[in-house]
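Biologist: I should be grateful for a close look at a single part of this structure, explained for a first-year student.

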Amino acid sequence: METRSARTLLFSVPDWTGHDPGQHVDLKLTSEDGYSAQRSYSLASTSSPGWVELTVQAVPGGEASPYLVDTMQPGDELQLRGPIGGWFRWTEDLPGPVLLIAGGSGIVPLMAMVRRRIESGVATPFHLSYVARTPDHVIYTNELATYAQRCSDLTIERLYTRAGLPDGRRTPGRLALADIPGPSSAFSADVATAPRTSRTRVYVCGPTGFVENAARLLQERGHAADAIRTERFGPTGS
Amino acid sequence: MAVVSRGFGGRRQVDPQVPPGQYRTDDFPVLTAGPTPLIGTVNWTLDVTGVDGASHSVSWQQLMALPVEDVTVDLHCVTKWSKLGTRWRGVPVAEVLGAVGADLEGVEYVMAHSHGGYTTNLPLRDLLHGQAWVAFEFDGSALAAAHGGPARLLVPHLYLWKSAKWVNGLELLREDRLGFWENFGYHPYGDPWREQRYAGD
């Protein structure tokens, strides 16, 4: 378990040839009487032939996520298809600094990018702004802390919306303009003069409302619309 | 042979109105590759480009003067949600093509273009005969920017990525070309009832 309601699952998939950070898979769950349900989940791992790692947040009243988080046991099986998606994707050969904005379990595909950045050993500057309800809701908390200490080009900012830590300098609340790094601060070049290749690439992932707000703030802060890639997840059904 | 996931019960609601692999939602999720653009109607145009490369623009005023239809349709998104009974107002695509006197001789496909560079390819026949609209109202109100306003393509019999938001161009083609998601491995046609999610389905 990553938090009280999020769990990381590791699946052995012998014919999995690998994937890029940001891509997702389709899962199909089938009950004994043949009823089935399908959902999409982001890949949490960097490319890993033979293995697929997912982190799933249980949605209260949901159909697939409570099974994956609470019920599924080692040895149980499901059908999996992927990797899917080629747009919301980062690989170490892409030039330019990277800004990641995560809302809640939207951290998962962005964590795959952070992990790839660390593993590949490139010096690409990364800034992760991770918005969570409270410190208890932060997924991958120890791993993120380790990376932040180890790697000077990786900045990790945790922003809380409901309740923060006693020594937190920011009043808990939703993502605001002041929370958004500009295209040039902390990064290499000014957006107006920089060649497109050294522009900051921005990836935003989270619930629909979060992403809409973040994308609007990013543009207000001077990030070009075509430098922002988004992945939204809606409510998973009534 | 299906793999059974031990202990999985699920809701066991098989809804005949929902295509295979889809589930029903009453919300209207937003899925877009980038930020939502804010587009006004004053300078809005929809460019129809013929196979000869000649282009004709339809202004917002001209669009509003064309015959409108009110339709109630089901939406099916490839990310697996379906929303049933949605109410739209729009101009049939056939009326838009007719208004600019588009020459459809030899035209088999259409590439829809959107503000921001998004594209999606469709067979021409799927845009005619009361199957597709340039929609500008949802549920009795002006279409919100997040859902593709001021106007989007509405082709409800195909997965929703074919219903290009913020549509600003229809390019008539003799031969099929792949659009934005289709180039990333999504199905070139996208029929939800045949579950054509990805290339090869």
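Modeller: The following account concerns one strand and its pairing. The model is a predicted one, in which local features need pLDDT of at least 70 and side-chain atom pairs count only at pLDDT 80 or more, whereas totals for chains, interfaces and linings use all residues. Residues are numbered from 1 along each chain as its sequence is written, chains are lettered from A and ligands numbered from 1 in the order in which they are written, and side-chain values use heavy atoms, without hydrogens and water.

The part chosen is strand S2 of chain A, which runs over residues 24-30; a strand here is a DSSP run of E with at least two residues, numbered from the N terminus. S2(A) is mostly covered, since six of its seven residues are buried, that is, under 20% relative accessible area with a 1.4 Å probe, counting protein chains only.

One partner of S2(A) is strand S3 of chain A, residues 36-42. The two strands pair in the antiparallel sense over seven bridges, where pairing requires that DSSP finds at least two bridges between the strands. Among the residues involved, A:Val25 has A:Tyr41 of S3(A) as its bridge partner. S2(A) and S3(A) form a hairpin with five residues between the strands. In this hairpin, A:Gly34 takes a positive phi near 95°.

S2(A) also pairs with strand S5 of chain A, residues 79-84. This pairing is likewise in the antiparallel sense and comprises four bridges. Here the bridge partner of A:Leu27 is A:Leu80, a residue of S5(A). Strand S2(A) is thus seen in antiparallel pairing with S3(A) and with S5(A).

Key. Buried means under 20% relative accessible area, exposed over 50%, partly exposed in between (1.4 Å probe, protein chains only).
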